[in-house]
Structures are given as C-alpha cells and as structure tokens.
Amino acid sequence: MNRLVTHLAWLALALLGATALGVVALRRGEAINALWIVVAATAIYLVAYRYYSLFIATRVMQLDPLRATPAVLNNDGLDFVPTNQHVLFGHHFAAIAGAGPLVGPVLAAQMGYLPGTLWLIAGVVLAGAVQDFLVLCISTRRNARSLGDMVREEMGRIPGTIALFGCFLIMVIILAVLALIVVKALAHSPWGMFTVIATIPIAMFMGLYMRYIRPGRIGEISLIGIVLLLASIWLGGAISTDPYWSEVFTFSGVQITWMLIGYGFVAAVLPVWLILAPRDYLSTFLKIGTIVALAIGIVILNPDLKMPAVTQFIDGSGPVWKGALFPFLFITIACGAVSGFHALIASGTTPKLLANETQARYIGYGGMLMESMVAIMAMVAAAVIEPGVYFAMNSPPAIVGADAASVAAAVSNWGFAITPEALEGVARDIGETTILARAGGAPTLAVGIAQILHQVLPSAGSMAFWYHFAILFEALFILTAVDAGTRAGRFMLQDLLGSFVPALRRTDSWGANMLATAGCVMLWGYLLYQGVVDPLGGINTLWPLFGISNQMLAGIALMLCCVVLIKMKRQRYVWVTLLPAAWLLICTTVASLIKLFDPNPAVGFLALANKYAVALDAGQVLAPAKDLGQMQNVIMNAYTNAGLSVLFLVVVFSILFYALKVGRAAWIVEERTDKETPFQAIPGA
Amino acid sequence: MFNDLSRMGKYLGQAARMLVGMPDYDTYVEHMQSKHPDQPVMSYEDFFRERQDARYGGGKGRPVRCC
C-alpha cells in the first residue's frame, strides 16, 4: 500500500514534468516563462533518477552494497579515502562542470531554445548520465583504473593505444577552443583584460601565502583572493574609463593569442603551488558560487524567454555556426547532454573516493544530471536576452558587417528587430565599447547572467560589474583548464611518444618535459591562432571539431561499457549503452563526413580549400581574405581541419572494429570473461 | 545545539576542501594511527603540500578536469 502511494507521487511528478515540457514545446506565439523549462527538466531528471538509474544499478550492473570498493581496500588516507557521498558529489561535480555546459547551449540557442532544451533533457537521461554512471561502476570494480587502461585490458593493447591517442587529440582541441573563447571575450576589452591579468599576481600571492606564510589555510586565503578579485573588477571599471590606462590594456585578438601561448608554456613548467593550485581554488569556489547565484536568480525572477522556440536557422543557414539540426545540434550542445571527457574523471579520481559502490548511482548519474541542469540554466540565460542582441554578438563580421548600423540592419532583416542605438546601449550598460563580433558563447552568457543578477540586485553600474564578473569567472576556469590541460597533455604526449622513443617517457627528465610541453603548446597554439585569424570567426570551425571529438570520446566510453556488459554476460541489458553509443556514432560520423565532403564551402572543409585553391591559381583574392598570403592560410587551415576530421574517424572506427570483434567473441562464450577484480566483502560487514 | 553547529561547520569545511581535491586531514591521521601506528604521520603542512603536488604535479592523467 505504502509502495503504491510512493509510486503515485512519482507518477504525479512525472505528469508535472510532462505538462511543463508540453507547455515549453507546444506554446507558440507568446513568450513563455523560464520556469517552465526549469520545472520540466527538474521533474524529468528526478523521475529518471528514481527509476532509470535504479534499474541500471540493480538490474544491469547489480551493484552490491557488501562489495568493498578500492577506497576501502586500499585506504591510505591520501589517494584512496572512503568519502561521505555528499562531499564526494561536490568533488565530482566540481571536476566535471566547466565551460562546456555553459557555452554549448548558448551557441545552440541560434536554433531557438526548444531543440537544444529537448536534447539536453533526453540526452542526459539516456546517454550522458548513463555513461558517467557506468564508467564509474566499471572503474570502481577495476581498482579505479583509467579509461585508457580499461580499454587496453578489456579490448586489447592496440585499441588501448588508439584510445590514448584519441584522448590526446581531444585534449588539444579542447585547449584550443577554450583559449579561443577567452580571446574572443577579451579582445579590445581593457576592463576584461585587466581583471584577467590581475588574477596572476593574486594567484601568486595566494600561492606564496599558502606555501610559506600560513601553510595549507585554504579557506582564509580563498576568501582573501575572492575579495581581491572583486576589487580588481572594480578597479578594471575605473581603468576602462581612463584614456591612458584603457589604452595600455587594450589588445587585439592576435596579441592576446601570443600572450596565451606564452602563458600556457610558462605556467605549465612553473611549480604547481605558485599559480595553478591557488587559481584552481578561486575558480572552483567562484564557479560553484556563480552557478548557485544564477539558479537563485532564475527562480526568483522567473524571466520570460525572448528567443523564439524555434528559429529559421534549423535549416543550417545560421550565422553563429553552419549546419542543419541533425547532426550539428547534437554536436554543438556537447557537454550538457553527454560528454566523453567525464569518462576520464569517472575513471581514475572519483572511484578512489567512493565509500560504497551503490553510491555510484548518486555520484555518477546524479552528478551528470546536475551538470545538465547547469546547461539548462545557460540556455535560459541565452534565451532571456533580446534575440537581436544575441545575433549581433555572435555573428561574424564577414556576414553582418562590422559597425552597429549594418549589424542592426542585417539582424533585423532576419526578423530579430533591433536598432543600432539598442546595440550601443547594451555595450554601454556592460561597460564595453562594442558587443559586436563577440562569438564564442562566453560574452553572450555573461550578458545573460548580468541581466539576471542585475535585476535581482539592482543598482547603477551593476550590469557592467556583473558582466565582467561573469567574464572573469569564465576566463578564470578556462585559464586553469589551459594550464592543467597543458600539463596533462604533456604526460599523454610523453606516454605516446615513449612507445616509440622510450627516453621521452621519463617525466623526471628536464629535456623530455620541455620538449613535450612545447609540443603540446604548439599544437593547441596553432589551432588557436588559426581560429583567431579566421575571418569567418573561428568558433565556426573549432567548436564543431570540439563537439565531434568530445562526443566521439563518449562513443568510445560507451562502446567499452557495451563490451564489458557482454563480457559480464549481462548482455540482455546491453541496449542500455548500445543505443546511446550507436546514436553518438551516427551523429559524429555523419557530422565528420559533412564537414569533410559537403559541397558548400561554408560547411565542408575540402570544398572550402578547393574554392580558395581555384581562386588562388587564377590570382584572385576571395573575401574575407585580404591578400594571397591569407588565401594560403585559409587553404592550409581547411586541410588541417579536414585532416583532424579524418583522424577522428579513424580513431573511432578502429575502436568500433575492436569492440565488435571482442564483443562478438565474448557473446558466444558461456562464462564471464571480463577483467573485474574478484569480489571482496567489506571488512566487518 | 552548538555541538550540531560545530559538526555542521566541520562538515561544510570538509566539503569545501574536497571541492578542490584536498582530503580530510583528521581522517588521514585517524587512519595512520589505527592502521599504521608504526609509521610517522605527516604534519598538516606536509600533508597539504603532499596532496597539492599529488593533485596538480602530474603523473598519468593528472590533473584531470573537464572542458
């Protein structure tokens, strides 16, 4: 009887979610309230957590509360520590939530808020959270092994190396695209540039304080650091209005690119306690704080969504990025729905802290639902600003022109009425000289966050303050990611090259370290540079490549899960991972093939290269290139990007080949063949 | 009530430190005393440095974070 009542309550919640989703999806012609989206997502996530994740935990994986986890077995108080599940949830969430779930939905908003919201909800419930959860489970049962190790162990040495190579490629692209977002946000913005530069001395002060003055006092120094950061935002405002100092801190995109490349190299070889660790503390606390503030703001204000539910750009002609709804929406949203990168965190770090394997459901599945909720909020933030402003900020000058009048005319022409005065007004409100050509998602999101927080705490000039607060908060964790990613990439590169030249694997060798760091910085620096000088905006090319690579990694992780399920002889449940894996493979393969072979030069890399090569032979200069050298650049970049697409395809199809081979062999065997560590009961239980 | 509050504060502090990958020092000391009474226990300062280096200082797959 009691059970029935509980199920009825859950049914009511499910109905509430369905109703809210119905309102979001079906109401046309009038603005809907952001709260409908939040309610729909929350209700569906709760129901999915209660039923689907429980099904996976009990039926598919048969999680056993009596089985000892690596944290219990290897408890050393340091790496392996059984941790309270709520504390671990925070740790896991802080590790998986980054810029991806914030930027992807903002870019996807060019098709309207509806397609993106639907994919966020469906994708996370059926694919993203399943991947995080299952990878966490199988890693926990393999002594917290990393994804690459598990692929090697379960599928063989060759696919293991290929997967490692794939991870490295993805790392390089992520670093390039994240750095590009920073460049786009800081170019010609003395206020933003000053606050971001100010984080370096602040972080160094914190680092020295924690090392020598009062060692290990994370709490107090983080508070001091945050106060200093807020002061630097205030000071940045003063600098942006000063004629001399604003000039000093105004840099072009190319200048900032070189600074970032130099910074990336230097920061990756400095001791970690000096900049990396303290800034990571700042960025983590700010990130959590901002996400909470945004959630409270949306709930208090429940703003109306101004973006249409669906725009005309679902046909693939959008200005922010090119490509039709299928497959490019699923590529663009990336992290908020499903993110392959999480597989690297769910294997390795988190399983070493899991106190009981049944908690993997809450940490893995629940953590990813939370991340998706952040993406939903980013979508709301992008949809509450005027669509005219959204498109003016995100369209490249090559399409809409470079001054307020022509941009306003072009955007109004698409049906998103906006005046040049309104565009200049927004720029003034946020304390910038212009908001045009600020693609990349971060500035748009910052405007959305600033609008929401400004309305919660209204005061003169607070719009500009919150805008730069949001920019700083994004730049902060992107810089941390660049710094940390370069280090991680260096180890991956050393590991990879070490397979051929063993001397390079020695991480204690100064020469090998320098070589690998320089190699890693050069790779992402090159992609970043070409993205910055790309007259079509760079985000256009790099974000789809990032999306494809990230979703492909998720595909690899899910294929591993399929193979493991078959080997465990749980094969009648293999559809749980097989369906999302198949969907991701279809999306990413179709997207890569379109990016390679589409005859439209705005979409296909080869067509673009061909068009410019033909013109170059005829001695013509095609806009937006300005001379023959730039023509060469465009051709070279198109071939590089085409090469990357081919590499991704090769990586994913070789893993698919091995997955099919190993999976088939395991399917016909009677007994289990997986490499799970043998059952050990929790001591004393 | 003050007991509850102080427990709550300790718990929140632990959660905040874990956000940045710093495990609980008391847990470590307790573990060392009960399981390895013969081995030296690091001071909080040494423990902090050791953990910071372990989190960021490299080794395979470290530091890991998402996009």
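**Entry 1: helices 8 and 23 of chain A**

I looked up how helix 8 (residues 157-186) of chain A meets helix 23 (residues 510-533) of chain A, and I found the two packed at an angle of about 40 degrees with their axes 8 Å apart. I therefore recorded helix 8 of chain A as oblique to helix 23 of chain A. The crossing of helix 8 of chain A past helix 23 of chain A is right-handed. I noted the contributors to the contact: helix 8 of chain A brings A:Val172, A:Ile173, A:Leu175, A:Ala176, A:Ala179, A:Leu180 and A:Val183, and helix 23 of chain A brings A:Leu523, A:Trp524, A:Leu527, A:Leu528, A:Gly531 and A:Val532. By class, I entered twelve nonpolar residues, one polar and no charged for this contact. I keep in mind that the model is predicted.

**Entry 2: chain A against chain B**

I then turned to the two chains and found 48 residues of chain A in contact with 33 residues of chain B. Several helices of chain A each supply at least two residues of the side that touches chain B, among them helix 8, helix 10 (218-241) and helix 22 (462-498). Helix 4 of chain A gives the most to that side, with seven residues. I recorded the classes on the side of chain A that touches chain B as 26 nonpolar, 18 polar and four charged residues.

**Entry 3: A:Asp429**

I located A:Asp429 in helix 20 (residues 420-429) of chain A. Is A:Asp429 buried or exposed? I entered A:Asp429 as partly exposed, because it has 18 C-beta neighbours inside 10 Å. Leaving aside neighbours within four places in sequence, I found A:Asp429 in contact with A:Met463 and A:Ala464. I also looked up the C-alpha separation of A:Asp429 and A:Leu169, which is 40 Å for residues 260 apart along the chain.

Terms used. Residues numbered from 1 in each chain as written. Chains lettered and ligands numbered in written order. Predicted model: local features only at pLDDT ≥ 70, side-chain atom pairs only at ≥ 80, totals over all residues. Axes fitted to C-alpha atoms, helices over the stretch in contact; angles between N-to-C directions. Helix = DSSP H or I, 4+ residues; strand = E, 2+ residues; numbered from the N terminus. Parallel < 35°, antiparallel > 145°, perpendicular 65-115°, else oblique. Left-handed = near helix turned anticlockwise from the far one by under 90°. Contact = placed C-beta atoms within 7 Å. Nonpolar A, V, L, I, M, F, W, Y, C, P; charged D, E, K, R; others polar. Buried ≥ 20, exposed ≤ 12 C-beta atoms within 10 Å, placed from the backbone.
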